[in-house]
Amino acid sequence: MDEETLQKYVDAGKIASEALHYGKSLIVKGAKVIEILDAVEEKIAELGGKPAFPAQISLNEFAAHSCSDLNDETILSDQIVKLDVGVHLDGFIADNALTVDLSGKYNDLVKASREALNNALKVIKPGVTLGEIGKLIHETITSYGFAPVKNLSGHGLGEYQIHTKPSVPNFDNGNENVLEEGDVIAIEPFASTGAGIVQESSPATVFTLINDTGVRDPISRKIMIKAKENKGLPFAKRWLEKDFGTAKTNFALRMLRKAGCVDEHPPLFDQNKGMVSQAEHTVIVSEEPIITTWHEK
Ligand code: MN
Ligand code: MN
């Protein structure tokens with residue numbers, strides 16, 4: 001990795017961490033979810049970054065991909081709140097997440113995913129197998145009596161690519177592939193009081209543009225051109241609604257789906273409705289790994 005690229009990863013990490021912890025400070029009872037998400041994205045811009053994906057807040061049994069649309073009235077009360085924030089600088093991404101327990105009942109659940117992440121980070125270096133990392137995460141979370149979410153994984157980060165190889169498992173899947181010098185990976189253990197398997201809910205409010213041909217009506221074309229600004233990174237329905245209104249956005253997203261132009265990323269919830277916690281950092285793999293999103297408090 002050249003110096004310039006490394007610096008962009010490091011700077012993106014600093015912004016992602018600051019935005020995440022700023023968002024954390026806004027997670028209090030009575031706060032409106034949509035206002036926190038808007039504030040986090042404004043903070044990212046203020047610090048000179050761009051969102052690598054829409055900031056997301058997933059509550060209770062929802063593990064990931066919950067993102068306010070423009071009409072979201074959700075107010076925080078006593079939920080388990082996961083905040084996930086990604087930032088990029090010229091396509092070089094940092095991805096991090098944390099959990100706040102507003103119920104006061106799930107302190108251990110929050111600790112389990114955080115400790116699993118910390119334990120995984122301690123062994124990151126070239127040559128460690130993906131299965132070993134997964135085993136460590138699994139062992140840590142089960143030692144607390146919870147289930148790791150097996151069908152969610154950490155992932156590689158590429159230029160303008162939020163999910164590339166390698167996939168970093170949250171359990172020992174026997175994968176003998178090893179981390180290599182210069183890999184940039186996000187590690188993100190999820191701990192659940194339920195099944196440890198997530199399934200899709202609806203409706204999706206996060207999308208990715210995968211193809212830019214095949215829609216002809218003017219509204220969909222206009223919205224597609226706007227979506228293209230994200231260069232293949234995920235975008236929020238809410239971002240489009242702010243520019244085009246809800247009705248036109250819904251129409252265009254339907255057309256774009258039909259034409260195979262967009263992928264959707266629906267909210268994911270534990271299939272036994274277990275409560276879920278998450279912790280996530282981004283790391284550049286080397287003999288002395290760099291945790292780009294590390295935040296000294
Ligand atoms: Mn994330
Ligand atoms: Mn991630």
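A nonpolar core is a set of buried Ala, Val, Leu, Ile, Met, Phe, Trp, Tyr and Cys residues joined through side-chain atoms within 4.5 Å. In this predicted model, the largest such core holds 25 residues. I27, I57, L76, L83 and V85 touch the most other members. Five elements give two or more residues each to this core: α1 (3-26), α2 (33-46), β1, β3 and β4. A second, separate core has 23 residues. Among them are I124, L179, I187 and M275.

I57 illustrates the packing of the largest core. Leaving aside residues up to four places away in sequence, I57 touches V33, I36, L37, S66, V81, K82 and L83. I57 also stands opposite L83 in β3. The strands concerned are β1 (residues 50-59) and β3 (residues 80-89). They pair in the antiparallel sense, over 7 bridges. Strand β1 is mostly covered, with 8 of its 10 residues buried.

Strand β3 also takes part in metal binding, through D84. The manganese ion (ligand 1) has protein donors from D84 (OD), D84 (OD), D95 (OD) and E280 (OE). These donors lie 2.1 to 2.5 Å from the ion. Along the chain their spacing is D-x10-D-x184-E. D84 in strand β3 and D95 in strand β4 (residues 92-101) are 11 residues apart, and the pair links distant parts of the chain. Both D84 and D95 are buried.

The manganese ion (ligand 2) is coordinated by D95 (OD), H155 (NE2), E188 (OE) and E280 (OE). The distances here are 2.1 to 2.2 Å. In sequence, the donor residues are spaced D-x59-H-x32-E-x91-E. E188 lies in the loop between β8 (184-187) and β9 (190-192), and E280 in the loop between β15 (276-278) and β16 (281-284), so the pair ties together parts that are 92 residues apart in sequence. Residues under 20% relative accessible area count as buried. E188 therefore counts as buried, at 7% relative accessibility. E280 is also buried, because its relative accessibility is 1%.

How far apart are the manganese ion (ligand 1) and the manganese ion (ligand 2)? They are 3.2 Å apart. D95 coordinates both ions. E280 is listed among the donors of ligand 1 and also among those of ligand 2.

Methods: Residues are numbered from 1 along each chain as its sequence is written. Chains are lettered from A and ligands numbered from 1 in the order in which they are written. This is a predicted model: local features need pLDDT of at least 70, side-chain atom pairs count only at pLDDT 80 or more; totals for chains, interfaces and linings use all residues. Side-chain values use heavy atoms; hydrogens and water are left out. Buried means under 20% relative accessible area, exposed over 50%, partly exposed in between (1.4 Å probe, protein chains only). Helices (H or I, at least four residues) and strands (E, at least two) are DSSP runs, numbered from the N terminus. Two strands pair if DSSP finds at least two bridges between them. Donors are N, O and S atoms within 2.8 Å of the metal (3.2 Å for Na, K and Ca); water is not among the atoms, so sites may look incomplete. Contact means heavy atoms within 4.5 Å.
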